[in-house]
Amino acid sequence: MDWLFGTATTAPTLPLKMALTTANGTDSAAGTEVAGGSYARKNITVAAAVNGAVSNSADLIFNGMPAATVVGWEIWDSAGTPVRWSYGLFDASKTVAAGDDLKVAAGGWTFTAS
């Protein structure tokens, strides 16, 4: 909010990236990020906001996942020391076996500022 209202000079370093979590974070601590397999954070692109909300404009495909139950997501920037900008739970947990891909379809993730 400080950045939005001009009381701080910090802006996110693009591109923003989605991380997947097996335990959700809090306002003060990151969640437990998926680790192993070929998992890596994915760049996220969004279309212009509509009614204060944005959605991913392209599929996000996390290839070669480790065996895991994914409960949520976090949005991180690409700074040298990345900053977590947001987090939340998926509508439903997603269980994957080792080697599976996990896909968040275009429009399947929505962020609303409130």
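**Rings and a pocket in a predicted model**

Mentor: In this predicted model, the second largest pocket has a volume of about 160 Å³. Ask away!

Trainee: Which strand gives the most to the lining of the second largest pocket?

Mentor: That is strand E7, residues 84-96, with 5 residues. The residues that line the pocket include Trp 73, Phe 90, Lys 94 and Trp 109. By class, the lining has 6 nonpolar, 2 polar and 2 charged residues.

Trainee: Why is the pair of Trp 73 and Trp 109 called edge-to-face?

Mentor: Two values settle that. The ring centres are 5.3 Å apart, and centres within 6.5 Å make a pair. The planes stand at 85°, and planes over 60 degrees apart count as edge-to-face, so the pair of Trp 73 and Trp 109 earns that name. The pair links distant parts of the chain, 36 residues apart: Trp 73 is in strand E6, and Trp 109 is in the loop between strand E8 and strand E9.

Trainee: What makes the pair of Trp 109 and Phe 111 stacked?

Mentor: Here the planes are 15° apart and the centres 6.3 Å apart. The cut-off for stacked is under 30 degrees, with centres within 6.5 Å for a pair, so Trp 109 and Phe 111 are a stacked pair. Trp 73, Trp 109 and Phe 111 form one aromatic cluster.

Trainee: How do you know whether Trp 73, Trp 109 and Phe 111 are buried or exposed?

Mentor: Buried means under 20% relative accessible area, and exposed means over 50%. Trp 73 has 7%, so Trp 73 counts as buried. Trp 109 has 6%, so Trp 109 counts as buried. Phe 111 has 30%, which lies in between, so Phe 111 is partly exposed.

Trainee: What makes you say that Lys 94 lies over the face of Phe 90?

Mentor: The distance from the ring centre is 5.0 Å, and the cut-off is within 6 Å, along with an angle within 35 degrees of the ring normal. The charged end of Arg 41 likewise sits over the ring of Trp 76, 4.4 Å from its centre.

Trainee: Why is Glu 74 called buried, and which side chain does the side chain of Glu 74 contact?

Mentor: Glu 74, in strand E6, has a relative accessible area of 1%, so Glu 74 is buried under the 20% cut-off. The side chain of Glu 74 makes a polar contact with the side chain of Trp 76 at 3.0 Å, and the limit is 3.5 Å. A polar atom of the Glu 74 side chain also lies 2.6 Å from the backbone nitrogen of Gly 31.

Note on methods: Residues are numbered from 1 along each chain as its sequence is written. This is a predicted model: local features need pLDDT of at least 70, side-chain atom pairs count only at pLDDT 80 or more; totals for chains, interfaces and linings use all residues. Side-chain values use heavy atoms; hydrogens and water are left out. On a 1 Å grid over the protein atoms alone, a cavity is a set of points where a 1.4 Å probe fits but cannot get out, and a pocket is an open set with protein on both sides within 12 Å along at least five of seven lines; lining residues have an atom within 4 Å of a point. Grid points are joined across faces, edges and corners, and a volume is the space filled by probe spheres set on the points. Helices (H or I, at least four residues) and strands (E, at least two) are DSSP runs, numbered from the N terminus. Ala, Val, Leu, Ile, Met, Phe, Trp, Tyr, Cys and Pro count as nonpolar, Asp, Glu, Lys and Arg as charged, and the others, Gly among them, as polar. Rings of Phe, Tyr and Trp (its six-membered ring) pair if their centres lie within 6.5 Å; planes under 30 degrees apart count as stacked, over 60 as edge-to-face and the rest as tilted. Buried means under 20% relative accessible area, exposed over 50%, partly exposed in between (1.4 Å probe, protein chains only). A polar contact is a pair of N or O atoms within 3.5 Å; within protein, one must be able to donate a hydrogen and the other to accept it, and residues adjacent in sequence count only if both atoms are side-chain atoms.
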